[in-house]
Amino acid sequence: MSVNLVKHTGGCHCGKVRFEVLAKPELRAYDCNCSICVKKGMKPFLIPKENFNLLQGEDNLSCYTYNTHQAKHFFCKTCGIHSFYTPRTSPDACGISPYCLDEGTVTKMDIIPCDAKNWEKWQQYLKENPKAADCTENTS
């Protein structure tokens, strides 16, 4: 584990779902233009799955999938807040909504455009620029 990592805690609006993540205090989030991120206003940052720990509320989560069913979008059954998901592009990662983190541990957030609406072009871009999708960028 890198010495640059901090423990961020967060959760949904009603507090029934709580989690912690290990990531840098300076986050790189994606302004994704896919249909679901646009409608939710989601700008996730990615971390390896092993850096995510659900503290409470597993029984209060519901999962939404669509199209290829590779991405798994989790939300609180009570308040409806979507705090995290498993991305289609990185199934070994966890996408976290930085807006669901508790205050005090994030020192900076860079937001990078993500053209997931043009999936094939975006995949080609990621292939040519592997650091763009490297979730370890937030954790090493």
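Let's start with the domain. The UniProt record, an unreviewed entry, lists "domain: CENP-V/GFA" at residues 8-120. What we have here is a predicted model. Over residues 8-120 the chain is 7% helix and 43% strand. The C-alpha atoms at the two ends of that stretch are 33 Å apart.

Now the sheet. Which strands make it up, and in what order? There are three, in the order β1-β2-β5. The sheet is open, and the pairing is antiparallel. The edges are β1, residues 6-11, and β5, residues 52-56. Each of those two pairs on one side only. Neighbouring strands here are turned by 25° against each other on average, direction ignored.

Take the β1 side. Six bridges join β1 to β2, and the two run antiparallel. They form a hairpin, with six residues between them. Look at Gly-15 in that turn: Gly-15 has a positive phi of about 90°. Along this pairing, Gly-10 stands opposite Phe-19 in β2.

Now the other side of β2. Strand β2 covers residues 18-23, and four bridges join β2 to β5. Again the strands run antiparallel. Which residue of β5 is the bridge partner of Arg-18? That is Gln-56. One residue further on, Phe-19 has Leu-54 as its bridge partner in β5. So keep Phe-19 in mind: Gly-10 stands opposite Phe-19, and Leu-54 is its partner in β5.

Phe-19 comes back in the core. The largest nonpolar core has 17 residues. Among those with the most contacts inside this core are Phe-19, Val-21, Phe-45 and Ile-47. Phe-52, Phe-84 and Ile-96 belong to that group too. Which strands supply at least two residues each? They are β2, β3 at 26-32, β4 at 45-48, and β9 at 93-96. Strand β2 gives the most, with three residues.

There is a second, separate core. That core has 13 residues, including Cys-32, Ile-36, Cys-114 and Leu-126.

Leu-126 takes us to helix α2, residues 119-128. Which of its residues are buried? Trp-119, Trp-122 and Leu-126 are. Seen down the axis of α2, the buried residues fall within an arc of 65°, so they line one face of the helix. The general point helps here. An α-helix has 3.6 residues a turn, so residues three or four places apart point the same way. What lies over the buried residues of α2? Strand β10, residues 108-114, is part of that cover. Now turn the helix around. The face away from the buried side carries exposed residues: Glu-120, Lys-121, Lys-127 and Glu-128.

Next, the other helix, α1. Helix α1 runs over residues 35-40, and Val-38 is found there. Is Val-38 buried or exposed? Val-38 is exposed, because its relative accessible area is 52% and the cut-off is over 50%. Leaving out residues up to four places away in sequence, Val-38 touches Cys-32 and Asn-33. Cys-32 we have met already, in the second core.

Compare that with Ser-97. Where is Ser-97? In the loop between β9 and β10. Ser-97 is buried, with a relative accessible area of 5%. Its contacts, not counting residues up to four places away in sequence, are Met-42, His-82 and Ser-83.

Last stop: the loop between β6, residues 61-64, and β7, residues 72-76. Asn-67 is found in that loop. Asn-67 is not a glycine, although its phi is positive, about 55°. Asn-67 is exposed, with a relative accessible area of 60%. His-69 sits in the loop between β6 and β7 as well. Phi of His-69 is near 65°, again a positive value in a residue other than glycine. How exposed is His-69? At 44% relative accessibility, His-69 counts as partly exposed.

To close, three things to look for on screen. Find the open sheet β1-β2-β5. Find Phe-19, one of the residues with the most contacts inside the largest core. Then find α2, with its buried residues lining one face.

Terms used
Residues are numbered from 1 along each chain as its sequence is written. This is a predicted model: local features need pLDDT of at least 70, side-chain atom pairs count only at pLDDT 80 or more; totals for chains, interfaces and linings use all residues. Side-chain values use heavy atoms; hydrogens and water are left out. UniProt positions are given in the numbering used here, feature names are shortened, and annotations may be inferred rather than shown by experiment. Two strands pair if DSSP finds at least two bridges between them. Axes are lines fitted to C-alpha atoms, for helices over the stretch in contact, and angles run from 0 to 180 degrees between N-to-C directions. Buried means under 20% relative accessible area, exposed over 50%, partly exposed in between (1.4 Å probe, protein chains only). Contact means heavy atoms within 4.5 Å. A nonpolar core is a set of buried Ala, Val, Leu, Ile, Met, Phe, Trp, Tyr and Cys residues joined through side-chain atoms within 4.5 Å. The arc is that of the directions from the helix axis to the C-beta atoms.
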